[in-house]
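Reader: Please take one helix of this model and go through it closely: what is covered, what covers it, and how that part sits in the rest of the chain. I would like one connected account rather than a list.

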Amino acid sequence: MEQINARSIFSPATGFIRRGGFDWSCNPYLGCSFGCTYCYAAFLPQNRRPREDWGRWFQAKVNAVEVARKQAPKVAGQAVYISSVTDPYLPAERGLALTRGILEALVPHQPRLLVQTRGPLVVRDLDVLRQFRAVRVNLSIPSDSEAVRLAFEPKAPPMERRWEAARAVREAGLPVGICVTPMLPLEDPEAFVRRLVDFRPDVLVTQDFHDSGGGFGADTAEAARRLLIESQWTATKYREVVERLRQHETVYEGETGFFPPVTGRVQPPGN
């Protein structure tokens, strides 16, 4: 871990975050320690380190809470996305509490807040999150297989712990989104579909793997592509699962699923 000081903690939204209707993004950290082989963030210009080092480094903005207290008034009532190029609940967050401090700084100003994570540590902050009038917690649960998780997300939390976190968010009375993004190989697609349908997330997002065709932008690393070939997971299998889900649930694909919450209900794109 490298400690850095940030001049700003809220950045004007760009890319799919802006297209989704957000005004600001907030990243307490840069880089990531979860080491997901497919992560699009490794390909973004904010990452100036070799892509093959992704998952082996991260930087903590150690003055993030202090800066957030000063800058929070400018995001009052606006849509804020936490986080766009890192995970706000990395293991280091347990001790550093940068994300929690930022949330506490935001409460008096009541932005419309989306928290995007694969970290079950988010349940620690439910007491703060419940103080927002417009909030949603999105949890990444891209597979039903721990073997797949270990192959594609070697240092990320187990899938079952994420399901437990999703239930805790729901029990706290907060809207919860499930992000199957990207959908990783599944051991039992039918059972996975049933579990998602039975949970009835407020927002369900799916996505196949990024492919920029060699161009600049979000992409999927070669290591993940090799794993897909080895597991015989294809775009056709992804599409079959999505169509099964659509028989029961509204499914947002790709960036259309990332939109700000409104007070008390889910706000779909275009409304």
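Author: What follows starts with helix α8, moves to its surroundings, and then turns to the chain around them. The model is a predicted one.

Helix α8 spans residues 189-199, and the residues buried in it are Phe192, Val193, Leu196, Val197 and Phe199. Looking down the axis of α8, these buried residues keep within an arc of 165°, so they line one face of the helix. The spacing has a general background: an α-helix has 3.6 residues a turn, so residues three or four places apart point the same way. The cover over the buried residues of α8 includes α7 (159-171), β9 (176-180), β10 (203-206) and α10 (235-246). After the helix comes Arg200, with a positive phi near 55°.

Two of these neighbours can be followed down to single residues. On the side of α10, Leu245 belongs to that helix. Leu245 has a relative accessibility of 0%, so it counts as buried. Leaving aside neighbours within four places in sequence, Leu245 is in contact with Val193, Leu196, Val197, Leu204, Thr206 and Val251. Val193, Leu196 and Val197 are among the buried residues of α8. Between Leu245 and Glu190 there are 9.5 Å from C-alpha to C-alpha, and the two are 55 residues apart in sequence. At the end of α8, the ring of Phe199 has Arg170 over its face, at 4.4 Å from the ring centre.

The loop between β9 and α8 contains Thr181. Its relative accessibility is 12%, and because buried means under 20%, Thr181 counts as buried. Not counting neighbours within four places in sequence, Thr181 is in contact with Ser140, Pro142, Val205, Thr206, Gln207 and Phe258. Thr206 also appears among the contacts of Leu245.

Phe258, one of the contacts of Thr181, leads to a group of rings. Ring pairs join Phe258 with Phe16, Phe22 and Tyr81 into a cluster. The number of aromatic pairs comes to seven. One of them is formed by Phe16 and Tyr81, edge-to-face, with 6.3 Å from centre to centre and 85° between the planes. Phe16 is in helix α1 (residues 15-19) and Tyr81 in strand β6 (residues 79-82), so that pair links distant parts of the chain, 65 residues apart. Tyr81 has a relative accessible area of 2% and is therefore buried. Phe22 and Tyr81 have ring centres 5.1 Å apart and planes at 90°, so this pair is edge-to-face as well. Phe22 lies in the loop between α1 and β3 (24-26), so its pair with Tyr81 in strand β6 ties together parts 59 residues apart in sequence. Phe22, like Tyr81, is buried. Elsewhere, Arg136 lies over the face of Phe259, at 4.9 Å from the ring centre.

Ser140 is another contact of Thr181, and Ser140 is touched by Thr117 too. Thr117 is placed in strand β7 (residues 112-117). At 2% relative accessibility, Thr117 counts as buried. Beyond residues up to four places away in sequence, Thr117 touches Asp87, Pro88, Tyr89, Val122, Asn138, Leu139 and Ser140. From Thr117 to Asn138 the C-alpha distance is 6.3 Å, with their positions 21 residues apart in sequence.

The wider chain gives the setting. Its secondary structure comes to 10 helices and 11 strands. Of its 271 residues, 55% are buried. Among contacts with a separation of 6 or more, 76% are between residues 24 or more positions apart. The chain exposes about 12100 Å², of which carbon and sulfur atoms supply 48%.

The largest nonpolar core has 72 residues, and Phe10, Leu106, Leu113, Leu129 and Phe152 touch the most other members. Apart from that core lies another, of 12 residues, with Phe22, Cys179, Val203 and Tyr252 among them. In soluble globular proteins, nonpolar side chains tend to be buried together. Leaving aside neighbours within four places in sequence, Phe152 is in contact with Gly35, Cys36, Thr37, Tyr38, Leu184, Pro185, Phe209, Ala224, Leu227 and Leu228. Leu106 is one of the buried residues of helix α4. That helix, residues 98-106, is mostly covered, with eight of its nine residues buried.

Key: Residues are numbered from 1 along each chain as its sequence is written. This is a predicted model: local features need pLDDT of at least 70, side-chain atom pairs count only at pLDDT 80 or more; totals for chains, interfaces and linings use all residues. Side-chain values use heavy atoms; hydrogens and water are left out. Buried means under 20% relative accessible area, exposed over 50%, partly exposed in between (1.4 Å probe, protein chains only). Helices (H or I, at least four residues) and strands (E, at least two) are DSSP runs, numbered from the N terminus. The arc is that of the directions from the helix axis to the C-beta atoms. Contact means heavy atoms within 4.5 Å. Accessible areas come from the Shrake-Rupley method with a 1.4 Å probe; for residues, only the protein chains shown count as cover. A nonpolar core is a set of buried Ala, Val, Leu, Ile, Met, Phe, Trp, Tyr and Cys residues joined through side-chain atoms within 4.5 Å. Rings of Phe, Tyr and Trp (its six-membered ring) pair if their centres lie within 6.5 Å; planes under 30 degrees apart count as stacked, over 60 as edge-to-face and the rest as tilted. A charge sits over a ring if NZ of Lys or CZ of Arg is within 6 Å of the ring centre and within 35 degrees of the ring normal.
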